[in-house]
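Biologist: I would like a close look at a single part of this structure. Please take one strand and its surroundings and go through them in order.

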Amino acid sequence: MAKANRILRRSLGAGFALGVVALIVVSLLPKPVPVDLATAARGSLEVTIDEDGRTRVKDRYVVSAPITGTLGRLELRPGDTIEEGDILLRIAPLTPQLMDARTRAQGEARVAASLAAQRQARASVARAQAALDLAERDLERQRGLVESGGVSQQVFDRARFEHRARREELTSARFGVQVADYELRMARAAVGQTDRDGEDGMEVPAPVNGQILRVILESEGVVQAGTPLVEVGDPAALEIAVDVLTADAVNVVPGAHVTLERWGGDKALEGHVQRVEPSAFTKVSALGVEEQRVNVVIDIDSERRQWEALGDGYRVESRIRVWREEDALHVPASALFRHGEGWAVYRADEGLAHLTPVEVGRRNGFEAQILDGVEEGERVVVHPSDRVTDQVSIRER
């Protein structure tokens with residue numbers, strides 16, 4: 001009996017010792033690193049350029065003083081609606097005497113220049129009308145082909161964009177004719193007015209239909225010929241100018257889709273890139289760094305009733321699409337890190353992190369396209385810390 005008790009005590013002691021040793025070993029083993037995981041999946045992925053923009057009236061006109069004289073006080077206010085031919089202001093000439101030879105020659109030269117500008121503007125309308133007719137025929141042809149499967153939707157969208165662009169060019173060309181006609185009338189009136197006594201002064205009519213955008217000089221007083229007085233335009237014909245880095249602008253093509261957000265309305269607006277202006281400019285960033293930027297001009301495609309509250313000079317946020325893939329394999333961009341001269345991720349498999357080099361395609365601020373290295377459905381570590389290394393044990397948070 002005593003012998004049995006000794007054996008039992010020794011067995012319990014040995015078991016306790018083994019338990020202590022096991023606890024010590026387990027406590028010394030590295031614990032799995034808690035990580036966040038994401039799944040590589042296929043789906044639509046797009047790359048956009050996100051920048052602030054400003055609205056502006058497409059066709060605006062600055063009414064200037066046609067002669068030197070005394071300007072009557074302007075009763076117009078910004079926002080007043082005007083029609084072509086409405087009297088905007090009156091100017092009484094300072095000297096009622098006849099023109100001298102030099103002044104008459106200058107006036108006649110201005111008339112001749114206005115006549116040439118009028119002919120050029122009408123020729124522009126003819127060219128724009130011909131381009132629009134051609135674009136309409138091409139659009140109808142592409143519509144029939146896309147319905148029968150003869151061309152892709154992308155080709156049809158391009159033809160539709162060309163038609164819309166030619167129509168807008170025709171509208172601007174017609175505006176140019178109105179302005180040229182107005183300039184010719186003012187040039188002829190200036191020559192004729194200075195030859196007369198003109199006690200009542202010269203009446204200056206509105207060149208186009210629209211609204212008063214800005215009253216530059218409101219008070220009565222003497223003005224020189226050519227002094228800007230009133231700016232007019234049509235607020236319903238708005239475009240948006242977005243200045244982007246030139247390094248980004250090279251990837252923007254006319255017709256690219258644009259989403260306009262945070263403009264004050266409940267819903268985002270749709271638009272397209274009308275053109276990228278050819279000349280860049282230098283702009284100092286908030287950090288004091290000089291940047292080369294260029295204006296991207298955007299036309300609004302959403303119905304006018306959705307954005308009729310927008311006016312000239314309003315701020316909007318734009319998302320210009322430069323690339324889109326409907327079936328792209330992508331992972332969160334935060335899963336990527338530099339590895340050598342390329343990129344890599346930590347792939348999670350059976351509780352271990354595996355260092356996996358990958359080939360990266362397009363990226364936006366949130367996701368990255370994976371061309372090689374990871375398969376659909378595999379899980380990767382997001383925001384890997386310095387505790388995550390190859391073959392280290394991990395667990396999902």
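How many bridges join strand S12 to S16, and do the two run parallel or antiparallel?

Modeller: This is a predicted model, and what follows is computed from its atoms. Four bridges join strand S12, residues 257-261, to S16, and the two strands run antiparallel. One of the positions in this pairing is Glu261, whose bridge partner in S16 is Glu317.

S16 itself covers residues 315-332, and strand S2, residues 41-57, is joined to S16 by 13 bridges. S2 and S16 also run antiparallel. Within S16, Ser318 is the residue that stands opposite Glu51. The neighbouring position in the numbering, Glu317, is the one already named as the bridge partner of Glu261.

A further pairing links S16 with strand S20, which spans residues 367-372. Here the sense is again antiparallel, over three bridges. Pro332, the residue at which S16 ends, stands opposite Glu367 in S20. Glu367 is in turn the residue at which S20 begins. S16 is thus described here through its pairings with S2, with S12 and with S20.

Some side chains outside the strand can be added. On the lower-numbered side of S16, the charged end of Arg304 sits over the ring of Trp307, at 4.8 Å from the ring centre. On the higher-numbered side, Arg338 lies over the face of Trp343, and the distance to the ring centre is 4.5 Å.

The aromatic rings come next. A pair of such rings is described by two values, the distance of the centres and the angle of the planes. The count of aromatic pairs in this model comes to one. In that pair, the centres of the rings of Phe337 and Tyr346 are 5.0 Å apart and the planes are at 25 degrees, so the pair is stacked; the cut-off for stacking is under 30 degrees. Phe337 counts as buried because its relative accessibility is 19%, where buried means under 20%. Tyr346 is buried as well, with a relative accessible area of 11%.

For the setting of this part, the protein chain has four helices and 22 strands. Of its 397 residues, 36% count as buried. Among contacts in the chain with a separation of 6 or more, 76% are accounted for by residues 24 or more positions apart. The accessible surface of the chain comes to about 22900 Å², and carbon and sulfur atoms hold 51% of this surface.

Technical notes:
Residues numbered from 1 in each chain as written. Predicted model: local features only at pLDDT ≥ 70, side-chain atom pairs only at ≥ 80, totals over all residues. Heavy atoms only, no water. Pairing = 2+ DSSP bridges. Phe/Tyr/Trp six-rings, centres within 6.5 Å; stacked < 30°, edge-to-face > 60°. Buried < 20%, exposed > 50% of the residue type's maximum accessible area, 1.4 Å probe, protein only. Lys NZ or Arg CZ within 6 Å of the ring centre and 35° of its normal. Contact = heavy atoms within 4.5 Å. Areas by Shrake-Rupley, 256 points an atom, 1.4 Å probe, with all protein chains shown as cover.
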